[in-house]
Every structure is written in structure tokens, then in C-alpha cells.
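User: I have a model open and want to go through a few of its helices. Can you take me through them?

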Amino acid sequence: MHTLFTGNPVIWIESLDSTNRYANIQVKNGTAAEGKVYATHVQTNGRGQIGNKWLTRHRQNLTFSVVYEPTFLAATEQFYLNMAVCLALSNFLQKEVYLPALVKWPNDIYVDYEKIAGVLIENTLRGTHLSHTVIGIGLNVNQDIFEEELSSATSIKLKTDKEYVLEDLLDTFLSYLEAEYLQLKARRFEDMYARYTANLLFFNEERVFTANDQVFSGIITGINSDGRLIINTRAGNKLYAFKEVAFVV
């Protein structure tokens, strides 16, 4: 593994209800050093943003959580952590398995308009700054059949027609994650923002959205400092937090 501290070690557990829940317990117990990774072969009650489920088949996908201590980040800067993780995933998929991965705001990774990965970040604050973060990631790898409610899901295998060794894939990804985390620590926010928007699904494209039971067209022009989506509409720029607006794909 080509990392300084991320994944040293990786703790594999056969079955967990949620790797994020388990990692947060370790943080509270003081047993989760920075860079420690908790991975499971089957996650029985994985969580996405705001109560969404992350469903996974046994030993077919990567479900894991990474613990960091980003004390250098103010609470008002925490969306840059989300950018770093999404950039690590999109870069990894583009460079290692040659997939045209893009970020679907705020925290999903899509390939050809299908979801291949999701991110759930849970931060702990101390005063005005972050003290710990638990980064939960679900990446579809070898699964080739999805439940009907996940009809828009895909996997690396479905896109490449190849099977992958999960442990090897995780080791490679962690080097991408650590690289982005170190960029974050160096406070290269402008570069990170530019790369995030360059890899943002539907950026600068006119699309149809729904908000407050209204359908409207607009153009995504950026993300503001607290992570809200900026959509240019006929009525001017509008800001939307997660779950306040939906894409009509």
C-alpha cells in the first residue's frame, strides 16, 4: 500500500450493520487512530444521506469507513472534505478502471448516468473546528444484478466485464483518498473546487429539476462555500441544500 497513514491498518470484519456506526463507536472509545479503516464483507443496514439505505451483496462490493482527524478544517469548511472524497473516487475510477466517472452532487459517483458509489461523511466538532470525521464509502464492484428499486445502479464489473479482488482495489483507492486529504490539509481549496466542478455531472448544462413540487429548468453554475448547489434559473441564481432539489434525469 502506497500511503503514509491511511489504511494502516485496514480492519476487515465479516459482517456489520454499518461501518460508519462501528467506526464512530471506535472514535468515541478512543481506539480509532487517524487513517484507520474499517471494512466489511457484508453490510446489513448501511446508511446513505438523510436516512437513505446502502444495500450490498455479500463479498461483491466495497463497504468501508475511514477515520481522519481534520482539526485543520473549520466547521464552515467541511464541504471541502466532501469534495476531496468525491474527487478521490472519480479519479480512482477514471485512472484505475478507465470509467468516465462523474460526481452527482453532493455525494454520489455516477458512470453513464448510473450510480456506482456513494459517500456518507459524519463529522464531530470541537468548538469551531472538526475533531474527527468518519468517511463511509460504498462502491459497487463485482455485483452484476441489482434489486428493482436500484435499477439505476451499476458496478465496475458491469462496465468493464471484469472481476476484481476487493482487497487490492481498496488498497489502491486509499492512496487516492490520502492524496486528496493531503491536498485538503495544504488548503488547496481553489484547485479542489475547480477539479470538483470540472467533474460535476451536468455542470454548465441546462437541465430539468424539481423543487417544492415545482418543475423548472436551470443550469448548475457552481457550489457555494457550505455545499449548496447554485442553479441559474430564469428568476436568477437559486441556492439548494441536499434534498431540497432533485434532478429529472
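**Helix H1 and its surroundings**

Analyst: Lys28 and Asn29 are exposed (over 50% relative accessible area, 1.4 Å probe, protein chains only) and sit on the face of H1 turned away from its buried side. This is a predicted model, where local features need pLDDT of at least 70, side-chain atom pairs count only at pLDDT 80 or more, and totals for chains, interfaces and linings use all residues. Residues are numbered from 1 along each chain as its sequence is written, and side-chain values use heavy atoms, leaving out hydrogens and water.

User: Which residues of H1 are buried?

Analyst: In H1 (residues 19-29), Thr19, Asn20, Ala23, Asn24, Gln26 and Val27 are buried, meaning under 20% relative accessible area. They cover an arc of only 160° around the axis (taken from the directions to the C-beta atoms), which puts them on the same side of H1.

User: What happens just after H1?

Analyst: Gly30 takes a positive phi of about 80° there. At the start of H1, a side-chain oxygen of Ser18 reaches to within 3.3 Å of the backbone nitrogen of Asn20.

User: Switching to H2. How do H2 and H5 cross?

Analyst: The axes of H2 (residues 79-96) and H5 (residues 189-198) come within 10 Å and cross at roughly 55°. That makes H2 oblique to H5; oblique covers angles that are not under 35 degrees, over 145 or 65 to 115.

User: Which residues of H5 make the contact?

Analyst: Phe189, Met192, Tyr193, Arg195 and Tyr196 of H5, where contact means heavy atoms within 4.5 Å.

Terms used. Helices (H or I, at least four residues) and strands (E, at least two) are DSSP runs, numbered from the N terminus. A polar contact is a pair of N or O atoms within 3.5 Å; within protein, one must be able to donate a hydrogen and the other to accept it, and residues adjacent in sequence count only if both atoms are side-chain atoms. Axes are lines fitted to C-alpha atoms, for helices over the stretch in contact, and angles run from 0 to 180 degrees between N-to-C directions.
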